[in-house]
Amino acid sequence: MTKATTAPTGKNTLTEEHLAVAIISSNNLIHNFRKIQERITDTCRIMGIVKANAYGHDALHIAKTLESLGVSDFGVANIKEAMHLRKRHAVSGDAAILAFCSPLPSHLPLYLQHDITATIGDFETLRTAEAIASSYNTTLKVQVKIDTGMGRLGIQPEAACNLLQAAEQSPHLQLTGAYTHFAQSTNTDGFTDRQIDLFTQVCSEFEHKAKRSLCKHAANSGALLCRKDACLDMVRPGIMLYGYPPDESVKHMIDLKPVMELRTKVIFIKDVEPGTSISYNRRWTAPSRCKIATISAGYADGYLRTLSNRAKVFIRGNPCAQVGTITMDQTMVDLGKNSTVRVGDDAVLFGWNGMSAADLAKIAGTISYEILCAVSSRVERIIV
């Protein structure tokens, strides 16, 4: 007869110890926000960019924190992200949410239902938006996107004033602003000058004809640091909010603090002999006897495979070489010969206690944005 087994019981409820966690520092977010405020005038608004789950930092928490600091405008990538904020009550009903994506016709009723501002970048989208808003006998908030050189979304400058006027005159559309996006805002070769000139000329022409002012915004993080003349009625800091400059050339210009620290756990330790190969394709071999720790995060958690054999992991405050190919769920680390590291110890992949996301980005040949956004949904976010 097979003996029956029962789950462990006790007075205290068993709790899971998370293996990979992203620690989100509210204080560091607030610090970065204050530093951004110092760079703009009192009349300039800040749009909180919380797209891509706030660059991996938990959009719900980030949006709530920013609104508590006085932010009333938020930028997201698309209608799904906007609806997530509304449905979870991450921001108040008075907050404006702009979706940067050009809307599909089938999505426009959702913009109306959830009070989301739509981006209009051509006459066809404007006509469709007016028709759908009219069919619901309500008003859709819109902003016109002007393509001054990014080459992604938006109407060309020569037709932009006409589109702005058409939006202004549409009975069921409420034109709340106009914006553009810079292609290389930290570069001084003159291209950004041209973008600023084109955008401001179009907006001035419209304001003259409409006899009213329009909320104009263009400055991303790079322009906030390098182009004071681009900080118009509103600015759109993204990566700066989360603790990183847009590129290495401007990192000296502002004191920012990383908002995320990615940590995992040491789950296994073994002694290996010289010549022992580690991980897929045997890309690292122990040169001498050493201890190898396996930590419970890999590329499925956002620790990029391209970092293999090139990064440092910080355990007990000490940098340890990552060795072997990073795998989907685990990564190996060389502890040396006489390590006191134990199973259960924290291992910092990046953050304020170890390498930064910018450090890893440089190694991987990418940008800090990608390192942050790569942190996957299975990594538990812990707000501190």
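These are my notebook entries on sheets, helix packing and nonpolar cores in a predicted model.

**Entry 1, the parallel sheet.** I began with the strand order and found an open sheet of eight strands, paired in parallel and arranged as β4-β3-β2-β9-β8-β7-β6-β5. At its edges I noted β4 (96–99) and β5 (118–120), each of which pairs on one side only. I then followed strand β3 (residues 73–76), which is joined to β4 by four bridges and runs parallel to β4; within this pairing I found Asp 73 opposite Ala 96 of β4.

**Entry 2, helices on the sheet.** Looking for what covers these strands, I found helix α4 (residues 79–87) lying across β3 and β4, with a direction at about 160° to that of β4. Helix α6 (residues 123–135) also packs on the sheet, where I saw it touch β5, β6 (140–145) and β7 (173–179), and the angle between the directions of α6 and β5 is about 140°.

**Entry 3, a helix pair.** I next looked up helix α7 (residues 157–169) and helix α8 (residues 191–210), whose axes come within 9 Å and cross at roughly 35°; the crossing is right-handed. On the α7 side I listed Pro 157, Ala 160, Cys 161, Leu 164, Gln 165 and Glu 168 as the residues making the contact, and on the α8 side Leu 198, Val 202, Glu 205, Phe 206, Lys 209 and Ala 210. Sorting this contact by class, I recorded eight nonpolar residues, one polar residue and three charged residues.

**Entry 4, strand β17 and its partners.** I turned to strand β17 (residues 346–350), which is mostly covered, with four of its five residues buried. Strand β10 (residues 260–272) pairs with β17 in the antiparallel sense over four bridges, and strand β14 (residues 312–315) is joined to β17, also antiparallel, by two bridges. Which residue of β17 is the bridge partner of Arg 263? I found that it is Val 348, and I noted that Phe 314 likewise stands opposite Val 348.

**Entry 5, nonpolar cores.** Finally I examined the largest nonpolar core, which has 117 residues, and noted that Val 50, Leu 66 and Leu 140 touch the most other members. The element that gives the most to this core is helix α10 (residues 357–364), with six residues. For Val 50 I set aside the neighbours within four places in sequence and found contacts with Ala 59, Ile 62, Ala 63, Leu 66, Phe 74, Gly 75, Val 76, Leu 85 and Tyr 242. I also recorded a second, separate core of eight residues, among them Trp 284, Ala 286, Cys 290 and Ile 292.

Conventions: Residues are numbered from 1 along each chain as its sequence is written. This is a predicted model: local features need pLDDT of at least 70, side-chain atom pairs count only at pLDDT 80 or more; totals for chains, interfaces and linings use all residues. Side-chain values use heavy atoms; hydrogens and water are left out. Axes are lines fitted to C-alpha atoms, for helices over the stretch in contact, and angles run from 0 to 180 degrees between N-to-C directions. A crossing is left-handed if the near helix is turned anticlockwise from the far one by less than a right angle, and right-handed if clockwise. Contact means heavy atoms within 4.5 Å. Ala, Val, Leu, Ile, Met, Phe, Trp, Tyr, Cys and Pro count as nonpolar, Asp, Glu, Lys and Arg as charged, and the others, Gly among them, as polar. Two strands pair if DSSP finds at least two bridges between them. Buried means under 20% relative accessible area, exposed over 50%, partly exposed in between (1.4 Å probe, protein chains only). A nonpolar core is a set of buried Ala, Val, Leu, Ile, Met, Phe, Trp, Tyr and Cys residues joined through side-chain atoms within 4.5 Å.
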